[in-house]
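Subject: Structure handover

Hello,

Here is the structure for you to take over. My notes on it follow below.

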Amino acid sequence: MSTFLHGQEPASSWVTRWSHLVTKTRPVLDIACGHGRHMRHFAAQGHSVVGIDRNPDALAAAHPFGETVCADIENGPWPLVGREFGGVVVTNYLWRPLWPHILGSLAPMG
């Protein structure tokens, strides 16, 4: 059995099962991306990806997989106003006040 640091384990089976439904015409947004396990998965599938997290050390590990944004999305403004994504991934994280921003970031048919 392999031991992985939190956030460096393989992509979740749920994300990998459904990731084929995400269009490659727009980037994928990974909210609270940590070390970028889902960014890594989508980048390997040919997607451009954007990860957002408040931990700069985790983002340094995620940066090779795509664009990273360091922001505290619970206590600060939404940093991606006006940007649209073909898919949004959120796992192991829930902050209900973000729902309007998350839905507003999803492109039509995303």
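Is Cys33 buried or exposed? Cys33 is buried, with a relative accessible area of 6%. Please keep in mind that this is a predicted model.

**Cysteines**

Next, the disulfide check. The count is 0 disulfides. Cys33 takes part in none; the nearest cysteine sulfur belongs to Cys70 and lies 9.5 Å away. Seen from the other end, the closest cysteine sulfur to that of Cys70 is the one in Cys33. At 9.5 Å, the two are too far apart for a bond, because a disulfide needs sulfur atoms within 2.5 Å. Cys70 itself is partly exposed, at 48% relative accessible area.

**The sheet**

Four strands make up an open sheet: 4 strands, ordered S3-S2-S1-S4, with parallel pairing. S3 and S4 are the edge strands. Each has a single partner strand, so one side of each lacks a neighbour in the sheet. From one strand to the next, the twist averages 20°.

H2 packs on this sheet and touches S1, S2, S3 and S4. The direction of H2 makes about 175° with that of S2.

**Strand S2**

S2 spans residues 49-53. S2 is mostly covered, with 5 of its 5 residues buried. Which way do they point? Val49, Gly51 and Asp53 point one way, while Val50 and Ile52 point the other way. All of these are buried.

S2 pairs on both sides. With S1, the pairing is parallel and runs over 4 bridges. Leu29 is the residue opposite Val50 there. The chain gets from S1 to S2 through H2, in a right-handed β-α-β crossover.

With S3, S2 also pairs in the parallel sense, over 4 bridges. Val50 has Glu67 of S3 as its bridge partner. Ile52 has Val69, again in S3. S2, H3 and S3 form a right-handed β-α-β unit. H3 covers residues 56-62 and S3 covers residues 67-70.

**Helix H2**

H2 runs over residues 37-44. Which of its residues are buried? They are Arg37, His38, Met39, His41 and Phe42. Note that Arg37 and both histidines, His38 and His41, are on that list. What covers the buried residues of H2 includes H1, S1, S2, H3, S3 and S4. Just past the helix, Gly46 has a positive phi of about 95°.

**Nonpolar cores**

In soluble globular proteins, nonpolar side chains tend to be buried together. How many residues does the largest nonpolar core have here? The number is 12. Leu29, Ile31, Val50 and Ile52 are among them. So are Val69, Ala71, Ile73 and Trp78. Leu80, Phe85, Leu98 and Ile102 complete the set. S1 and S2 each supply at least two residues of this core.

Take Ile73 as one member of this core. Leaving aside neighbours within four places in sequence, Ile73 contacts Ile31, Ile52, Trp78, Pro79, Tyr93, Trp95 and Leu98.

There is also a second, separate core, of 10 residues. Val28, Met39, Phe42 and Val49 are among its members. Two names recur from above: Met39 and Phe42 are buried residues of H2. Val49 is one of the S2 residues that point away from the side of Val50 and Ile52. Val50 and Ile52 belong to the largest core.

**Exposed positions**

Two positions before S1 are worth a look.

Arg17 sits in helix H1, residues 13-18. Is Arg17 buried or exposed? Arg17 is exposed, because its relative accessible area is 56% and the cut-off for exposed is over 50%. Arg17 and Gly104 are 87 residues apart in sequence. Their C-alpha atoms are 24 Å apart in space.

His20 is in the loop between H1 and S1. His20 counts as exposed too, at 58% relative accessibility. Where does His20 stand relative to Phe42? The two are 22 residues apart along the chain, and 9.4 Å separates their C-alpha atoms. Phe42, by contrast with exposed His20, is buried in H2.

That is the handover.

Best wishes

Definitions and conventions:
Residues numbered from 1 in each chain as written. Predicted model: local features only at pLDDT ≥ 70, side-chain atom pairs only at ≥ 80, totals over all residues. Heavy atoms only, no water. Buried < 20%, exposed > 50% of the residue type's maximum accessible area, 1.4 Å probe, protein only. Contact = heavy atoms within 4.5 Å. Pairing = 2+ DSSP bridges. Axes fitted to C-alpha atoms, helices over the stretch in contact; angles between N-to-C directions. Core = buried A, V, L, I, M, F, W, Y, C linked by side-chain atoms within 4.5 Å. Right-handed = clockwise from strand over helix to strand, strands pointing away.
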